[in-house]
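Student: I have a model open on my screen and I'm not sure how to read it. Could you walk me through a few features?

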Amino acid sequence: MNLYATELVGSAAFDAQGNFVGRVREFFVEPAEAPNRVSHYLLSRGKYQPLIARHDQVASVEPGKVTLNVGERALREYVPNESLLAVQKDLLDQQIIDISGRKVVRVNDVEMAEQRANGNVELRITQVDVGLPGAVRRLLQGLPSKVIRKLEKGLPQKAIRWEFVNLIEPDPLRRLKLRITHEKLEDLHPADLAEMMEQLSTAERQGIIASLDEETAAAVLGELDRRLSTQIVEKLDPEKAADILEEMAPDAAADVLADLPKETSEELLDEMPGQEANEVRELLEYDPKTAGGMMNPEFVFVGEDSTRYEVLAWMKRQDEMKFEQLDTIVLVDPEARFSGTVPVVRMMLAGDDQPMKELKAEPLLSVGPMADDKEVFELFDKYNLRTLTVIDEESRPMGTITVDDVVSQLVNR
Amino acid sequence: MVNWEAIAERVEALRERGSGMRRRVRGWQHRVALLLAVVGPGLITSNVDNDAGGISVYTQAGAQYGYALLWSLIPMTIALYVTEEMCARMGVVTGKGLSDLIREEFGFRSTFFVMVCGFFVDLANVVAEFAGVAAAMEIFGVSRYIAVPIAAIVVWVLVLKGTYRQVEVIFLIACGFYATYIFAAILAKPEWLIAAKHIAIPTFHFQASYLLMLTALVGTTIAPWQFFYLQAGFVEKKVGPRQYRQARADVLLGSITCMAIVFFIIVCTAATLYASGQRNITDAAEAAKALFPLAGRWAGVTFAFGLLNASLFAATILPLSTAHVICEGLGFEAGVDRKFKDAKIFYSLYTLLIVVGAGIILLPKAPLWRILIFSQVGNGLWLPVVVIFILLLVNRRDLMGEHVNTGAFNAVAWVTAIAMIVLTLVLVYTAIFPSAAGAPLGG
């Protein structure tokens, strides 16, 4: 039979001899031992020190009545313990992340199932209730559970299985003790995770970012609202912040740093490796509403006289660079001036010995770094661009603006 | 073969050289930009305080006592600022709304209680706002049966189809329209020197009706729902602890402009209605009509327009804020950026508030007077509960860290809270037993 935490709280507990011991006030789970088992019951008894009953000391559990299989003397007195998860205090009314539904939800009630072991009964948390039935039970808590169960019948159920529940604990020490990891969050799409984090408190967001691996953290920060990512980075340990910024695309990192006080952003840039830091520094010089502010200074460029074969061979040697998003390659002439772009598809279809300049896209398009974003949008719109090259006064390529930069700029206008 | 390693180096060198471009905006421009990014919630919330009910009370205060009550504006500004600042601080530090915090710290039942009370009190307030729309439009010769449905539709569409930014811009413009009261006051040709004297020097009359008017002033200026809206506003704007100073400036600016408008309304009616002996005005629409012969057509029109603006403004914000707060506290999905099927309860509540609020005004024999009184009584009863929740939460070190109230601030806040509670309870008492007051009070 399924039991709810709201039904069991306040139940009278009796020992093996049938003597009243106290009332159940709290359930604890010891995640280090078993992730879903109720390991301890807190029994209060008025003015005396509350007692703790271990799971193997409980003979039966039903709404209103808990029977122990030992005498009262076998119970220990309660001592607060940080490594125990308290169902009422840490779960009820708190926000959790529902991994399967990719949502932040608030817990109304906790559902448990009893499991018979030899001579005792164990409660296992099966799911958390986030829907109306749980709300009704909370509201009417104290009425006989039969009445409540009748009333809530027919209400739409909304529950999340315990294995899909990701707890949020801002305190890193407690997180460690409760074995709360955010590994499962790393499997979510960074954009989903970012959206969920916007609903959490400042401290909770901080806790999640701090416990993710750098790569995921960087991806999430790139997707988060700029104000929030700036707030998070500012509060992180500088070394960790620099590690995360290093993983981010330079233009996204520049966006984050742009709103920080000068000293803080300088400190973070100093922690970053020279090459990455320089790229970000340069981007910080531009107004975010110009081509220079939108561009990414990391782009792929090759000499226009090189052949397709040479380019492919060079790309294969570059394991550091990520070509996943690559759709256009920038060409430069022997003077390092911008001479055109080659769509990757054209390259795929070309022969090995074909020089890159024969694959150029027409017309030849580029903008200066001071061009305002509206001009950039118009170019993308008119020529259906994927990528636009930004060049300086001497027509040397400085970076590229890709269509996703345009989309995010448009969305944030 | 072209040596692109060399080219790469050259491009790199050129890139570093070519960066002497436009610098980011720094210095004072930067600071103004920072403030502008945060301004909004405080300014909007305080100004919405001057809603239909509020304007009626200020009008009566000016008509009955002339400039004599002006001194109370300064302590009221302080009370408004102190209470609002705590909410702004909570929003900025925790990143959570007030109802979220109440739920997490005080559990489901307390939250449910607060939400249910809030719903009914806010509903009464929404009715009062639509009553304001009806009264103002009737001065312009438009029947309420045309004006109120149109207003309801405009409000509904504006919020559901606009983005947060657009809506906020419209709200800020609406704040600007409060300036009409400045014109109305100037057109009324008041005696500025006497007004200034009364601001600085309190005059106290120990008459029941005088004290009652004082109480009504305070009671209508600080409404309980505004705290939820204010805190949510800062959370939604993603204002962080580092911008706390700007947020505080926003709240201060809001409190001061709110009270400045009250000042102009009182001055306007004092210079005209009080001076000419028309002292038994009961609501703002009546005052606007009385202004036509006294201060000229434009004074009356601007006064009525101000009332319309204020009522519409509050009628937009109240249902939205209420639906938001309730869903947030009880764990339903909320927000105008959600689709209808994801946030059914939110949209239903929002629509219900507007439909019922506007609908009651259209009932042929609607007991508007009773509803207005009920909205004030409700505000008065609910305010202490909300303020006590706020004070308990803002003193929690585990939530607020170093930003908990200081001892001095707590003293000011508790004194303010208790004074407000006493005053509003007096107001509630006299609203329920009008014979105790002697003079009628507008909603």
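**Reading the cores and contacts**

Tutor: Sure, let's begin inside. The largest nonpolar core has 141 residues, and those with the most contacts within it are B:Leu98, B:Phe130, B:Phe227 and B:Phe313. Keep in mind that this is a predicted model.

Student: Which helix gives the most to this core?

Tutor: That's helix α6 of chain B, residues 98–139, with 18 residues. The general idea is that in soluble globular proteins, nonpolar side chains tend to be buried together. Apart from that core lies another one, of 58 residues, with A:Leu193, A:Leu224, A:Met248 and A:Leu257 among them.

Student: What is B:Leu98 in contact with, leaving aside its neighbours within four places in sequence?

Tutor: Its partners include B:Phe227 and B:Phe228, along with B:Val386, B:Ile390 and B:Leu393. The list also has B:Gln231 and B:Glu328 on it.

Student: How do I read a single buried residue, say A:Val376?

Tutor: Look up its relative accessible area, then its partners. A:Val376 counts as buried because its relative accessible area is 0%, and the cut-off for buried is under 20%. A:Val376 sits in helix α17 of chain A, residues 373–383. Not counting residues up to four places away in sequence, A:Val376 touches A:Ala291, A:Met294, A:Leu388, A:Ile401 and A:Val406. Take A:Ala291: 85 residues separate it from A:Val376 in sequence, yet their C-alpha atoms are 6.8 Å apart in space.

Student: And A:Ser265, is that buried or exposed?

Tutor: A:Ser265 is buried, at 6% relative accessible area. You'll find A:Ser265 in helix α12 of chain A, residues 262–271. Its side chain reaches the backbone oxygen of A:Lys262 at 3.0 Å. Leaving aside neighbours within four places in sequence, A:Ser265 is in contact with A:Leu257 and A:Leu260.

Student: Now the charged pairs. How many salt bridges are there over all chains?

Tutor: The count comes to 30. For each pair, check the distance, then where the partners sit. A:Asp90 and A:Arg174 meet at 2.9 Å, N to O. This pair links distant parts of the chain, with A:Asp90 in helix α2 and A:Arg174 in helix α5, 84 residues apart. A:Asp90 is buried at 19% relative accessibility, and A:Arg174 is buried at 9%.

Student: What about A:Asp333 and A:Arg337?

Tutor: Their side chains form a salt bridge at 3.5 Å, N to O. Here A:Asp333 counts as buried, at 14% relative accessibility, while A:Arg337 counts as partly exposed, at 33%.

Student: Which salt bridges cross between the chains?

Tutor: One of them joins A:Asp93 to B:Arg103 at 2.5 Å, N to O. Another pairs A:Arg106 with B:Asp100 at 2.4 Å, N to O. That second pair runs from strand β11 of chain A to helix α6 of chain B, and both A:Arg106 and B:Asp100 are buried. Salt bridges that share partners join A:Arg106, A:Glu204, B:Lys96, B:Asp100 and B:Glu104 into one network. Between chain A and chain B the count is six salt bridges.

Student: How much area is buried between chain A and chain B?

Tutor: About 4,600 Å², with carbon and sulfur atoms giving 50% of it. A:Arg106 turns up again: together with A:Arg227 and A:Glu285, it supplies 16% of the area that chain A buries against chain B, more than any other three residues. The contact takes 65 residues from chain A and 47 from chain B.

How values were computed: Residues are numbered from 1 along each chain as its sequence is written. Chains are lettered from A and ligands numbered from 1 in the order in which they are written. This is a predicted model: local features need pLDDT of at least 70, side-chain atom pairs count only at pLDDT 80 or more; totals for chains, interfaces and linings use all residues. Side-chain values use heavy atoms; hydrogens and water are left out. Contact means heavy atoms within 4.5 Å. Buried area is the accessible area (1.4 Å probe) that two parts lose on being put together, summed over both. A salt bridge is a side-chain nitrogen of Lys or Arg within 4 Å of a carboxyl oxygen of Asp or Glu. A nonpolar core is a set of buried Ala, Val, Leu, Ile, Met, Phe, Trp, Tyr and Cys residues joined through side-chain atoms within 4.5 Å. Buried means under 20% relative accessible area, exposed over 50%, partly exposed in between (1.4 Å probe, protein chains only). Helices (H or I, at least four residues) and strands (E, at least two) are DSSP runs, numbered from the N terminus. A polar contact is a pair of N or O atoms within 3.5 Å; within protein, one must be able to donate a hydrogen and the other to accept it, and residues adjacent in sequence count only if both atoms are side-chain atoms.
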